[in-house]
Amino acid sequence: MVVGHGMVGARFAEEVRRRDPDGERVSLTVLGAEAHPAYNRVLLSTVLAGGLTAPMVALPAAEGVTVHPGVAATALDRSARVVHDTAGAEHPYDELVLATGCRAWLPPVDGLAGADGAPAPGVSLFRDLDDCARILDVAEPGARIAVVGGGLLGVEAARGLAGRGVAVTLVHPRTHLMERQLDAGAGEVLAGALRGLGVDVRCGVGAKAWAPETGLDCDDGTRIAADAVVVAAGVRAETGLAAGAGLAVDRGILVNDRLATDDGRVHAIGDCAQHPAAAAGLVQSGWEQAAVLADLLTGADPAARYRGTRPVTRLKAAGIDLAALGDVADGDEQLHVSDPRRGRYGLLALRDDRVVGAIMMGLPDAAAAVIGLFDSGAPAPSDRLALLLGRALPGEPAAAGDPGRLPGTAVVCRCNTVTKNALVAAWREGARELDALSRRTRAATGCGSCRDAVCGIRDWLEHADPSRESAA
Ligand SMILES: Cc1cc2nc3c(=O)[nH]c(=O)nc-3n(C[C@H](O)[C@H](O)[C@H](O)COP(=O)(O)OP(=O)(O)OC[C@H]3O[C@@H](n4cnc5c(N)ncnc54)[C@H](O)[C@@H]3O)c2cc1C
């Protein structure tokens, strides 16, 4: 029994069916509160920006799984091992998987919420397809929209709306944008890049009150004339069901390396789960957890354990190439380059010669090489500056522009942990186009930021692979 048919619940069902195609070991029932079939939430930013439409982000449906869309679980009775739902039905289970994700948070600002606590007229959150449709209803060229919150989602929303010809003002209460991932210097360069793309960025400014007739009042005394507000002020894990059933909950539902809660028959994965070594709010962690739990619950690998995910965040905003990874601590060896006029910024942090953190903006080749070192844990080249600037060094890790020199173990698609070797193997088995490579390996089906890299490897193989004649 699975509660939640989002990115991780749907992936878990697919992982189970990969290991148990005929349902001989595991019979699956899934409740999904949203009325839509499962879709790729990560790509909503691209839908908002106009690069994709809603039907294009649907996720493949796993066969042999009973899904109840538009039905939410309302209560969990652990002693009877039964889940109750909004349709009045009861679902008995042997093992229960909670994949209830997060909900967007509406801050306590006057006028943002209606009497029922839901967003007031003119206000949209940015979490699901319905939010996206609501925003797109008002996102006509010339419309004025205020985006509240300058984290990853707020920045992506602001950039996407500006690209549609909307007059966007982005207000962020912190001193710089994306403060969870960026230092102040990178935040400044990002703000400059956004301004260059037409977004009015105001940092250190909080929203104070909203009224459709007058606009958004801010805590610095200014008023933003806006027709609508998009709120991207953070998320909260959806833990109500677990807490109501007496399970241990902190920021999320507490789980161990077997993805079990304090009740061994109840598991939690994805954004609703809190594992000590998982990066919160990123799909890669949830998908890795789904694979481990499928190994355990189908019996495919009883020794499988989830040990954590090292976060890499990529901004999906046309015209801005930005990746942030790992952490920087006092005492780390650090290098910085800053070139604000050209929208470039680099920070590299190393410990014992290994990359432990980086911020790379406008440096795509360097970003690929640095992420490769971060993933592999290999020692960084001695010429750190050349690495930071993306210059390939003789006998040292290659830049992204040269797929031939990329090590086979390099992870090309982070969301799905697909290596160059896996892509080469799929190619040799006959997957010749991006779609076929994606179907075979899942590369480029997550945030999509590796699409160009996958195409680069395909093009390189097209010219370089001597086995292509025999495999064609
Ligand atoms: C616009 C946007 C851009 C993003 N970009 C990135 C990115 O670039 N990289 C990245 O790694 N992550 C990104 N994320 C985050 C990513 O989408 C999440 O990490 C991922 O969706 C988590 O999957 P999940 O299944 O845990 O949660 P969700 O996808 O949120 O799914 C949870 C589902 O459970 C349902 N549910 C909740 N309660 C119940 C209940 N009681 N009964 C039944 N169903 C219930 C919900 O309705 C929802 O459909 C982005 C998110 C958004 C909104």
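## Four domains in one chain

Let's start with the overall layout. This protein splits into four domains: domain 1 (2–102 + 236–298), domain 2 (123–232), domain 3 (321–398) and domain 4 (402–472). Notice that domain 1 is written as two stretches of sequence, with domain 2 numbered between them. Please keep in mind as you explore that the model is predicted.

## Where domain 1 meets domain 2

How far apart are the centres of domain 1 and domain 2? Taken over C-alpha atoms, the separation is 31 Å. The two domains do touch, with 14 residues from domain 1 and 14 residues from domain 2 taking part in the contact. Together they bury about 1300 Å², and carbon and sulfur atoms supply 62% of that area.

Which residues of domain 1 lose the most area to domain 2? They are Leu44, Ser45 and Leu48, which together make up 45% of what the domain 1 side buries.

## Polar links across the interface

Between domain 1 and domain 2 there are eight residue pairs in polar contact. On the domain 1 side, helix α2 (residues 44–49) gives the largest share of the touching residues, with five. Sorted by character, the residues on this side are eight nonpolar, three polar and three charged.

Charge plays a part here too. Side chains of opposite charge can pair when their charged atoms come close. One salt bridge is found across this interface. Arginine 127 and aspartate 271 form a salt bridge through their side chains, with 3.1 Å from N to O. You can look for arginine 127 in domain 2 and aspartate 271 in domain 1.

## Around the ligand

How many residues surround the ligand? There are 30, and the closest are Val8, Glu34, Arg41, Arg127 and Lys316. So Arg127 turns up in two places: beside the ligand and in the salt bridge with aspartate 271.

Some of the distances can be followed atom by atom. A polar backbone atom of valine 8 is 2.8 Å from an oxygen atom of the ligand. In glutamate 34, a side-chain N or O atom is 2.6 Å from a ligand oxygen. Aspartate 271 joins in through its backbone, where an N or O atom lies 2.9 Å from an oxygen atom of the ligand.

## A link across the sequence

Across the whole structure, a search finds 28 salt bridges. One of them joins the side chains of arginine 442 and glutamate 14, at 3.1 Å from N to O. Arginine 442 sits in the loop between α11 (434–441) and α12 (451–464), while glutamate 14 belongs to helix α1 (residues 7–19), so this pair ties together parts that are 428 residues apart in sequence.

Conventions:
Residues are numbered from 1 along each chain as its sequence is written. This is a predicted model: local features need pLDDT of at least 70, side-chain atom pairs count only at pLDDT 80 or more; totals for chains, interfaces and linings use all residues. Side-chain values use heavy atoms; hydrogens and water are left out. Domain bounds come from an automatic or database domain assignment. Contact means heavy atoms within 4.5 Å. Buried area is the accessible area (1.4 Å probe) that two parts lose on being put together, summed over both. A salt bridge is a side-chain nitrogen of Lys or Arg within 4 Å of a carboxyl oxygen of Asp or Glu. A polar contact is a pair of N or O atoms within 3.5 Å; within protein, one must be able to donate a hydrogen and the other to accept it, and residues adjacent in sequence count only if both atoms are side-chain atoms. Helices (H or I, at least four residues) and strands (E, at least two) are DSSP runs, numbered from the N terminus. Ala, Val, Leu, Ile, Met, Phe, Trp, Tyr, Cys and Pro count as nonpolar, Asp, Glu, Lys and Arg as charged, and the others, Gly among them, as polar. A residue is near a molecule or strand if one of its heavy atoms lies within 4 Å of it.
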